[in-house]
Amino acid sequence: MSDNEIGAVTEWMKDPTKMFDVSGQTAIVTGASGAFGRGIAITLGAQGANVLLASGNEDELKSVAKDVEGVGGKAAYIVRRPDSLEDAEAMREAALDNFGSIKMLAIGSGYNKAGFIHELEYEDWQDVMDANVRGAWFMAKAVGSYWIENDIKGKMLLMSSVRGRHGNISGYTGYCASKGATDAMTRVLATEWAKYGMTVNAIAPTVFRSNLTAWMYGDDELGQATKARSLSRIPLGRLGEVDDLIGMALYLLSPASDFCTGQVMYVDGGFTAG
Ligand SMILES: NC(=O)c1ccc[n+]([C@@H]2O[C@H](COP(=O)([O-])OP(=O)(O)OC[C@H]3O[C@@H](n4cnc5c(N)ncnc54)[C@H](OP(=O)(O)O)[C@@H]3O)[C@@H](O)[C@H]2O)c1
């Protein structure tokens, strides 16, 4: 951002699109086969960024890579989920091999297994915590170390949920706990890394259409009840679509958000306001 005397007309005021310029920069996007990961990857690609796509599904990654390149970005992919520090480091190295540096990290990977606690197996609870919390921690460690060593003011985006703040009728002891932990990790990393000029923020959506929520859009009784309950509490009167989220993602990954860190940004049609 430019130095700003009172009354000055700054470069960004004259052309606000410059605030969102990520062209030539490189992002790692985990969960790139999913609704949000894919949407964020294509959005960054359309802005001229290089994107290292990661997930466990090679066919989907190939297809998303084509989409990123189709809008003018550069894409490479690695078939890995952030299951271990080694996986996270492999993603970092793949990004560096392909593009030479990393500026942005978007955690689009995540998982839910709903189930009432008296019926849910401990292992199912742990899988949710591992996918949503441990995976983000591994990615932060692998990429954050690189940013610190190379004096790069990196930008990290985590994916939380309104469920980090609200409970749910549908057996979400794993999911809600994992998103509450995501919010906490966002704030901790933001404060820990502020001295390096790095920013860390999270987006907290309400229900959006994706594979993760497909069970709410079908015949499942609990799914229908969960969706109806969410919808009834959204003042804007509808559920989310990926387009509703990509503007916030670009803001949080671009210079426009350089003075914003440690925040959980609710993209929820007003759900948490009411
Ligand atoms: N959609 C919503 O309503 C909503 C609302 C609030 C928050 N969120 C959060 O947003 C993030 C993305 O959700 P989405 O809606 O885009 O879901 P999605 O379409 O189902 O995508 C999930 C992504 O995560 C990966 N993944 C699935 N299980 C995983 C596991 N156990 N470990 C690591 N990676 C795994 C999948 O990749 P592969 O299977 O190819 O590896 C996929 O790329 C999640 O953190 C989710 O909790 C979603």
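A crossing of two helices is called right-handed if the near helix is turned clockwise from the far one by less than a right angle. Keep that in mind for the first view of this predicted model.

**View 1. Helix 5 and helix 6 side by side.** Helix 5 (residues 122-149) passes helix 6 (residues 173-193) in a right-handed crossing. Their axes come within 8 Å and cross at roughly 15°. Angles under 35 degrees count as roughly parallel, and the two helices are therefore roughly parallel to each other. Look for Trp-125, Val-133 and Ala-140, among the helix 5 residues that meet helix 6; on the helix 6 side, the partners include Tyr-175, Ala-181 and Leu-189. By class, the residues of this contact divide into 13 nonpolar, 6 polar and 2 charged.

**View 2. The sheet and its strands.** Here you see an open sheet of 7 strands, paired in parallel in the order 3-2-1-4-5-6-7. Strand 3 (74-79) and strand 7 (264-267) are the edge strands, each pairing on one side only. From one strand to the next, the twist averages 20°.

**View 3. Strands 4 and 5, with helix 5 on the sheet.** Strand 4 (residues 104-107) and strand 5 (residues 155-159) run parallel and are joined by 3 bridges. Leu-105 has Met-156 in strand 5 as its bridge partner. Helix 5 packs on the sheet, where it touches strand 1 (26-30), strand 4 and strand 5. The direction of helix 5 makes about 170° with that of strand 4.

**View 4. Around the ligand.** Of the 27 residues around the ligand, Gly-31, Gly-34, Gly-56, Gly-110 and Ser-210 come nearest. Helix 2 (35-46) and helix 5 each supply at least two residues of this shell, which has 9 nonpolar, 16 polar and 2 charged residues.

Definitions and conventions:
Residues numbered from 1 in each chain as written. Predicted model: local features only at pLDDT ≥ 70, side-chain atom pairs only at ≥ 80, totals over all residues. Axes fitted to C-alpha atoms, helices over the stretch in contact; angles between N-to-C directions. Helix = DSSP H or I, 4+ residues; strand = E, 2+ residues; numbered from the N terminus. Parallel < 35°, antiparallel > 145°, perpendicular 65-115°, else oblique. Contact = placed C-beta atoms within 7 Å. Nonpolar A, V, L, I, M, F, W, Y, C, P; charged D, E, K, R; others polar. Near = placed C-beta within 6 Å. Pairing = 2+ DSSP bridges.
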